[in-house]
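Got your viewer open and a hand on the mouse? Load the model below and we'll walk through it one selection at a time.

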Amino acid sequence: MRGTAIIPIRRSQGLAPPLPERGEERYYEAMQIPSSSPASGSADLRLVLSAAFRASVPVLLGYISIGLAYGLVLVGSGLPWWLAPLSALFVYAGAAQFMGIGLLAGSAGVLELALLTLLMNARHMVYGLSMLGRYANAGMRKPYLVFALTDETYGLLTTIEAPQGVDQRSFYTSVSALNQSYWFIGCSLGAALGNALPMRVEGLDFALTALFTVLLVEQIKTIRAWEPYLAAALGAAIAYIAASPRDFLLLSLLIALGLLTLMRKRLEPARPQGAEAAI
Amino acid sequence: MNRLLLGTAAMAVVTLFTRAAPFLFFSKRKPPAYLDFLQRYAPAAVMSLLVLSTFRSVDFGSAPHGLPALAGVAVTAALHLWKRNVLVSIAGGTALYMLLSGLL
């Protein structure tokens with residue numbers, strides 16, 4: 001979904017809803033609200049919420065449609081409907097949630113789920129860095145802001161400033177909470193819809209494979225190197241022979257990561273000093 | 001049901017860990033270069049394996065010899081290269097897969 005993403009998916013992985021283009025800058029300028037005289041608390045809240053809502057409309061469209069697909073596929077894979085709202089509330093990571101459908105509907109263990117989620121979301125460990133400053137003074141809200149930092153929320157908050165007169169921290173919190181509410185509504189609606197269908201639609205779970213194909217195409221466009229794909233192919237070949245279908249994904253993944261690590265020198269030949277700081 | 005709850009809890013904890021990591025560990029020092037390497041190149045390998053794992057359960061020996069899945073993946077990729085619209089790619093590939101599975 002992105003992506004996660006989906007969610008919650010990296011912009012370069014293609015699932016992020018369209019973020020404002022350069023030409024739309026005026027739109028965001030236009031919606032800036034002049035700082036008014038000290039207003040009452042509830043008026044402040046309304047101001048913040050309306051600014052946050054307008055900023056988050058692109059995410060609204062993306063999260064509702066991708067959430068709908070998630071809920072539909074989840075129920076179509078034979079999983080109980082309540083898993084969709086539960087995951088939207090507590091996991092809130094699109095690509096990982098989509099991956100989780102296949103693993104949970106199959107026979108994957110908790111360890112496999114944890115490891116794959118870790119790899120799927122490893123990007124968060126690095127790109128959250130640029131939010132360190134923005135969230136430094138968030139106080140009590142910080143834990144939620146960190147929890148809800150999906151690719152799309154990250155994309156919005158690093159692109160758009162809070163309008164004048166609107167408290168920065170409240171704006172961040174409102175955008176984050178609104179985005180999660182869109183995701184929650186999309187996932188829940190999709191699950192309800194899937195549950196209401198008179199019969200199980202055969203073959204709908206192929207949407208998962210299609211999603212991963214899309215993400216793979218995006219990866220191939222972004223990562224101009226053959227090593228990760230060779231590592232994956234070799235890992236898959238070995239696991240195909242050596243492992244049961246149940247253990248296929250885990251074993252192939254471990255082999256692929258090992259091979260990838262061995263090829264690290266090839267992929268990152270003598271990086272210039274200071275290149276790492278430019279994350 | 002317990003497995004579903006436990007699995008979802010694991011995903012929730014790990015996801016939160018990845019999002020909290022920069023704030024917990026790297027606010028004072030630089031993240032290790034290996035982590036940067038991994039977050040850059042691991043997703044490409046993971047996606048490849050997730051697509052390949054679909055074919056692990058396909059029986060190529062008997063009709064329709066995995067044709068619906070192969071055609072579904074190929075059309076999804078082609079649609080995405082052409083239009084680059086996520087929903088169109090997924091809907092097109094899935095529809096073709098469902099159609100071929102029913103026909104063949």
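Here is a short tour, stop by stop, of what to select and what is there.

**Stop 1: chain A as a cartoon.** Keep in mind that this is a predicted model. Select chain A and look for its secondary structure: you'll find 14 helices and zero strands. Of the 279 residues in this chain, 53% count as buried. The chain also brings together parts that sit far apart in sequence: among contacts between residues at least 6 apart, 73% join residues at least 24 apart.

**Stop 2: color by confidence.** Now color chain A by pLDDT. The average is 80, and 80% of the residues score at least 70. Which helices of chain A have the lowest and the highest mean pLDDT? Helix α1 (residues 25-30) of chain A is lowest, with a mean of 39, while helix α4 (residues 83-90) of chain A is highest, with 97. Next, select residues 1-39 of chain A, where the pLDDT is below 50; beyond near neighbours in sequence, this stretch has 121 contacts in the model. Then try residues 273-279 of chain A: the pLDDT is below 50 there too, and beyond near neighbours this stretch has seven contacts in the model. A word of caution: where pLDDT is low, don't read the predicted coordinates in detail.

**Stop 3: where the chains meet.** Bring chain B back into view. 63 of its residues are in contact with 92 residues of chain A. Together the two chains bury about 7000 Å², and carbon and sulfur atoms give 77% of that area. On the chain B side, select B:Arg19, B:Phe23 and B:Arg56: these lose the most area to chain A, together 12% of what that side buries.

How many salt bridges are counted between chain B and chain A? Just one salt bridge. Zoom in on B:Arg84 and A:Glu218 to see a salt bridge, with the closest N and O atoms 2.5 Å apart.

**Stop 4: the nonpolar core.** The largest nonpolar core has 105 residues. Those with the most contacts inside it include A:Leu74, A:Ile101, A:Phe171 and B:Leu50. Select helix α2 (residues 33-56) of chain B, which gives the most to this core, with 13 residues. Domain 1 (1-20 + 42-223) and domain 2 (225-267) of chain A both give residues to the core, so it lies between them.

**Last stop: A:Met120.** Center the view on this residue, another of those with the most contacts inside the core. Leaving out residues up to four places away in sequence, A:Met120 touches A:Ala95, A:Ala96, A:Met99 and A:Phe212, along with B:Val46, B:Met47 and B:Leu50 from chain B.

Definitions and conventions:
Residues numbered from 1 in each chain as written. Chains lettered and ligands numbered in written order. Predicted model: local features only at pLDDT ≥ 70, side-chain atom pairs only at ≥ 80, totals over all residues. Heavy atoms only, no water. Core = buried A, V, L, I, M, F, W, Y, C linked by side-chain atoms within 4.5 Å. Buried < 20%, exposed > 50% of the residue type's maximum accessible area, 1.4 Å probe, protein only. Helix = DSSP H or I, 4+ residues; strand = E, 2+ residues; numbered from the N terminus. Domains from an automatic or database assignment. Contact = heavy atoms within 4.5 Å. pLDDT = per-residue confidence, 0-100. Buried area = accessible area lost by both parts, 1.4 Å probe. Salt bridge = Lys/Arg side-chain N within 4 Å of Asp/Glu carboxyl O.
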